[in-house]
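Please look through the sequence and the three-dimensional picture below before reading on. The paragraphs that follow begin with one small detail and then widen out to the whole chain.

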Amino acid sequence: MSAFSATDHALMAHALRLAERGLYTTRPNPMVGCVLAQGDAVVGEGWHQRKGGPHAEVFALQAAGAQARGATAYVTLEPCAHHGSTPPCADALIAAGVGRVVAAMRDPFPQVDGAGFDALRAAGITVESGLMEAQARELNRGFLARIERGRPWLRVKLATSLDGRTAMASGDSKWISGEASRHDVQRWRARSGALLTGAGTVLADDPHLTVRLEDGSDVVPPLRVVLDPGLATVARGHVREGAAPTLYIHAPDAKLPRGVAFEHAAVPAQGTRFDLDAVLRLLAARGINEVQLEAGATLAGAFLSAGLVDEVLLYVAPVLLGERARPLFDGLHIDAMTQRLKLQRIDSAVVGDDFRLLLRPLPAPVEAA
């Protein structure tokens with residue numbers, strides 16, 4: 001790996017900040033930022049803003065004009081080398097006469113996957129990769145999950161009391177967390193390609209599952225997905241209202257109601273239990289990068305038990321609900337301390353009166369033979 005300079009690091013960090021501006025709008029495409037520099041002087045910059053629109057490199061080249069010749073291009077992802085909605089960015093960089101390309105990482109998308117680097121090198125451009133790759137992968141963890149493993153990144157959003165309860169025994173959960181937390185979760189919804197819930201939550205809470213950002217940021221509405229084996233909720237609920245699309249996932253033998261127009265798909269199920277891996281792969285096939293699960297303890301526990309949860313977004317409120325209230329996760333069947341599931345704290349913050357944790361399950365330790 002090349003020995004990158006302090007200038008290289010600073011300009012790639014700037015490119016990553018630019019890429020993040022597309023957090024709510026680029027899906028299913030990855031977020032990409034590009035900085036063009038002559039030495040340490042920035043001559044052009046840009047980021048991918050929306051699917052079907054120009055890529056980051058194109059915006060940066062337009063801003064740089066003739067100053068792009070001989071410049072170094074800092075890009076957070078390998079420049080594309082195929083004709084998609086737009087022409088190849090590798091060709092644009094070659095035509096502009098850039099002298100060097102520094103990329104955070106290779107693009108695993110099959111139509112790129114090294115071809116962009118090959119095209120640049122064939123044109124005599126110096127190509128270096130791997131600068132701040134961990135940060136680039138973290139930024140596009142949903143896109144990479146979909147491309148590399150065939151299912152989206154799954155985040156489970158939960159609000160809990162101090163004694164680990166998410167709802168009263170009756171199912172009432174409004175509201176455990178405070179108003180500030182409810183506003184904060186909208187940003188996490190906005191970055192998601194799909195908001196996933198179960199029929200039980202639709203019947204009990206009647207959620208809207210929409211994004212409501214107070215700052216007016218541009219957002220591509222996430223797909224609302226309801227797991228409903230028998231399609232019991234199709235004719236009711238706020239989840240069918242508004243401009244955001246809604247998909248109902250049902251069992252193969254479910255009877256479709258007459259006279260109700262709705263989007264639906266069948267996934268293998270045994271009784272009321274879906275093949276949850278198949279659910280996520282169905283969403284990946286639809287171009288969904290990140291899924292946010294907002295459901296009760298049963299569905300949250302089922303995804304966790306299946307090893308499909310990538311992170312837990314947990315809002316802890318300074319309240320107590322008592323032993324009869326419902327837990328965070330049902331169905332884990334942990335009987336011994338050695339079976340406990342460990343999670344890594346990725347981030348923590350105070351949000352109003354609540355405490356927000358971002359946690360990721362750690363792999364189980366491999367027992368010695």
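Are Y248 and F262 buried or exposed? Both Y248 and F262 are buried, and this statement, like every other one here, concerns a predicted model. The structure holds 1 aromatic pair, and Y248 and F262 form that pair in an edge-to-face arrangement, with 5.7 Å from centre to centre and 85 degrees between the planes. Y248 lies in strand β10, while F262 belongs to the loop between β10 and β11, so the pair ties together parts that are 14 residues apart in sequence. A ring also takes part in another arrangement, in which the charged end of R21 sits over the ring of W47, at 4.7 Å from the centre of that ring.

With these details in mind, we can turn to the chain as a whole. The protein chain has 10 helices and 18 strands, and along its principal axes the C-alpha trace spans about 70 × 50 × 50 Å. For a compact globule of 369 residues one would expect a radius of gyration near 21 Å, and the value of 23 Å for this protein chain agrees with that. Of the 369 residues, 50% count as buried, and the chain exposes about 17,500 Å², of which carbon and sulfur atoms supply 52%. When one considers the contacts with a separation of 6 or more, residues 24 or more positions apart account for 68% of them.

Two buried residues show what such surroundings look like from the inside. S161 is found in the loop between β6 and β7, and S161 is buried, because its relative accessible area of 2% falls under the 20% limit used for that word. The side chain of S161 makes a polar contact with the side chain of D163, at 2.4 Å. If neighbours within four places in sequence are left aside, S161 is in contact with I176, V316, A317, V319, L320 and L321. E290, for its part, has its place in strand β14, which covers residues 290-293, and at 5% relative accessibility E290 counts as buried. Again leaving aside neighbours within four places in sequence, the residues in contact with E290 include R141, G142, P152, W153 and R155, and R191, S192, G193 and A194 are also among them.

The backbone deserves some attention as well. Most residues other than glycine have a negative phi, and most peptide bonds are trans. Which residues are joined by a cis peptide bond? R27 and P28 are joined in this way, with omega at about 10 degrees, and P28 is found in the loop between α1 and β1.

The phi angle brings us to D113 and L209. D113 has a positive phi of about 40 degrees although it is not a glycine, and its place is in the loop between β4 and α4. L209 is not a glycine either, yet L209 has a positive phi of about 55 degrees, and this residue is placed in the loop between α8 and β9. As for their surroundings, D113 counts as partly exposed at 37% relative accessibility, whereas L209 is buried, with a relative accessible area of 2%.

Methods
Residues are numbered from 1 along each chain as its sequence is written. This is a predicted model: local features need pLDDT of at least 70, side-chain atom pairs count only at pLDDT 80 or more; totals for chains, interfaces and linings use all residues. Side-chain values use heavy atoms; hydrogens and water are left out. Rings of Phe, Tyr and Trp (its six-membered ring) pair if their centres lie within 6.5 Å; planes under 30 degrees apart count as stacked, over 60 as edge-to-face and the rest as tilted. Helices (H or I, at least four residues) and strands (E, at least two) are DSSP runs, numbered from the N terminus. Buried means under 20% relative accessible area, exposed over 50%, partly exposed in between (1.4 Å probe, protein chains only). A charge sits over a ring if NZ of Lys or CZ of Arg is within 6 Å of the ring centre and within 35 degrees of the ring normal. A polar contact is a pair of N or O atoms within 3.5 Å; within protein, one must be able to donate a hydrogen and the other to accept it, and residues adjacent in sequence count only if both atoms are side-chain atoms. Contact means heavy atoms within 4.5 Å. The radius of gyration is taken over C-alpha atoms; the globule rule is 2.2 Å times the number of residues to the power 0.38. Accessible areas come from the Shrake-Rupley method with a 1.4 Å probe; for residues, only the protein chains shown count as cover.
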